Structure formats: structure tokens, C-alpha cells
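Reader: I would like a close look at a single part of this model, set against its wider surroundings. Please take the reasoning step by step.

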Amino acid sequence: MITGAWAANLLLGGIILLGSSVQWLTGMGFALVAVPALVLLLGPAEGVALANCAGGVICLVGLAGGWRQVRLRAMVPLCAAAACTVPAGTWVARRLPEPVLLAFMGSLVTVAVLLVMRGVRVPALRGTGGAVTAGALGGFMNSAAGVGGPPISLYAVNAGWPVREFVPNAFFYGVLVNAFSVAANGVPQLPAPVWLLAATGMAAGAAVGRALAPRVPEKRARGLVLLLALGGGITTLAKGLWGL
């Protein structure tokens, strides 16, 4: 018989598997899929910290096969700006009431995704200045709520990057911003079986995502990213508003 604790652990592994497969398929989406559920299972601090750890590992493994496609000139200002705002995100997350923080971050994600879906071109997200803005928002959001991908996706859309080019650059950004976030938020204190299930979920999700990637057209992959981002933003916003 599966106990309640083991059922929760298996659910956690399944969530990480789904998030990992999406991340491998589109270059983003792990946090958008996993963070709301991880927060419910583990609590805000541990859920975000686990998402930072898992997201960083997934991006590091994914980057190994595509690092030659990384646009370093564009990524340097993105990552430098994120490094500056990660501590602020951690500071805010530790002081704001949880419902207020969730509602604020959910609003940011939802607005960013709707702008992308409508094909809006934002002058502030172009060139070096756009990279700094997107990186700063992404770093703050990643350390505060575990969701730092939407600003980078919005920047990539305004820069005209195709999905297949976006993926390795998103992995590169994910490695650094999650490393910054883990340094600021710490490593979650979880039992060994939970870490084992998380690792298994990441490995299985990588296999699924890599198998699907060549079979999914670019337009459909981009649509999946946006739908997942919108769902994550609305879910986070609703959870925050419900708790006010």
C-alpha cells in the first residue's frame, strides 16, 4: 500500500518529469509547469529552491549539446543583469506575505505572455538595453518565485530568434540564473528518497523531451511555450488572490 508521504513523493517526481520534458522540448517551461505544484507540496521556500536546483541541472545537461549556438554577446548583459537582481528577489520573497508575492509575480508572467501572444513588439526589449531589462526581470522573478523564463522568451521574440536558436541560449541563461538563485536561496533540505525521485524525473523527462523535439514543428513548440507560461502565470495569480 502506498502511504500518503510516498504518494506525495511520487507526485513530485511526476511533476518534475513533466517539467523536464517541456524544458527539453522548448528551452523553457520547467518552472512554469513545476513551481505551482512544488510550492503546494513543499511550501514556498522549499518549492522554489528545489525548482532552482532542478532547473539549473536540466539546463546544464541541455547546454552540453548546443553550447556552440549560444549568442554570448546577447547573453552577457542578460546574465549580468540577472546576477544583480537575484538578491533583491530573495530579499523580497522573504519579507512579503506569500499571497501578495504570488499575485504580483503571477501578474508579471501573465502580462508578459499576453504581450508575446498578441505579437507585440516592445522597443524597451530590443538591443543591449532590452537584454538588461529582460535579464533583470528574469533574475528577480527566478529567485523570488522560481519563474524566470517569460522575460527571456519575450526578449527572444522581440529579437526575432527562432525556437531552435532560442533553446540553447535559454539553457545557458538557465544555468547561470539558477546558480545565482541557489546561492541566494540555499539548497532545500529534503530526504534522500525525494532527491532520488527528482533525479529520476529529470532523467526521464529529458528522454521524453529529446524524443519529441525533432517531431514537433517550430510554430507548435512556440505555442506550447506560451500556453504553459500563460497557465503558470494565471495559476500563480489566482493562488495569490485567493490567499489575500
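Is Ala206 buried or exposed, and why does it count as such?

Author: This is a predicted model, and its confidence is worth stating before the residue itself: the protein averages a pLDDT of 81, with 92% of the residues scoring at least 70. Among its elements, helix H4 (residues 72-95) has the highest mean pLDDT, 90, while H10 has the lowest, 75.

Ala206 is found in helix H9. The residue counts as buried because its relative accessibility is 12%, and buried means under 20%. Leaving out residues up to four places away in sequence, Ala206 touches Ser20 and Trp24. Ser20 is 186 residues away from Ala206 along the chain, yet the C-alpha atoms of the two are separated by 5.9 Å.

As for the wider surroundings, the largest nonpolar core has 33 residues, and Leu12, Ile16 and Phe30 are those with the most contacts inside it. Helix H9 (192-212) is one of the helices that each supply at least two residues of this core, and others include helix H1 (4-26), helix H5 (98-117) and helix H10 (218-243); the largest share, seven residues, comes from H2. Once neighbours within four places in sequence are set aside, Leu12 is in contact with Leu38, Leu41, Leu42, Leu50, Val194 and Ala198. Apart from this core lies another, of 25 residues, which includes Ala74, Met75, Ile152 and Trp161.

Technical notes. Residues are numbered from 1 along each chain as its sequence is written. This is a predicted model: local features need pLDDT of at least 70, side-chain atom pairs count only at pLDDT 80 or more; totals for chains, interfaces and linings use all residues. Side-chain values use heavy atoms; hydrogens and water are left out. A nonpolar core is a set of buried Ala, Val, Leu, Ile, Met, Phe, Trp, Tyr and Cys residues joined through side-chain atoms within 4.5 Å. Buried means under 20% relative accessible area, exposed over 50%, partly exposed in between (1.4 Å probe, protein chains only). Helices (H or I, at least four residues) and strands (E, at least two) are DSSP runs, numbered from the N terminus. Contact means heavy atoms within 4.5 Å. pLDDT is the predictor's confidence in each residue, from 0 to 100.
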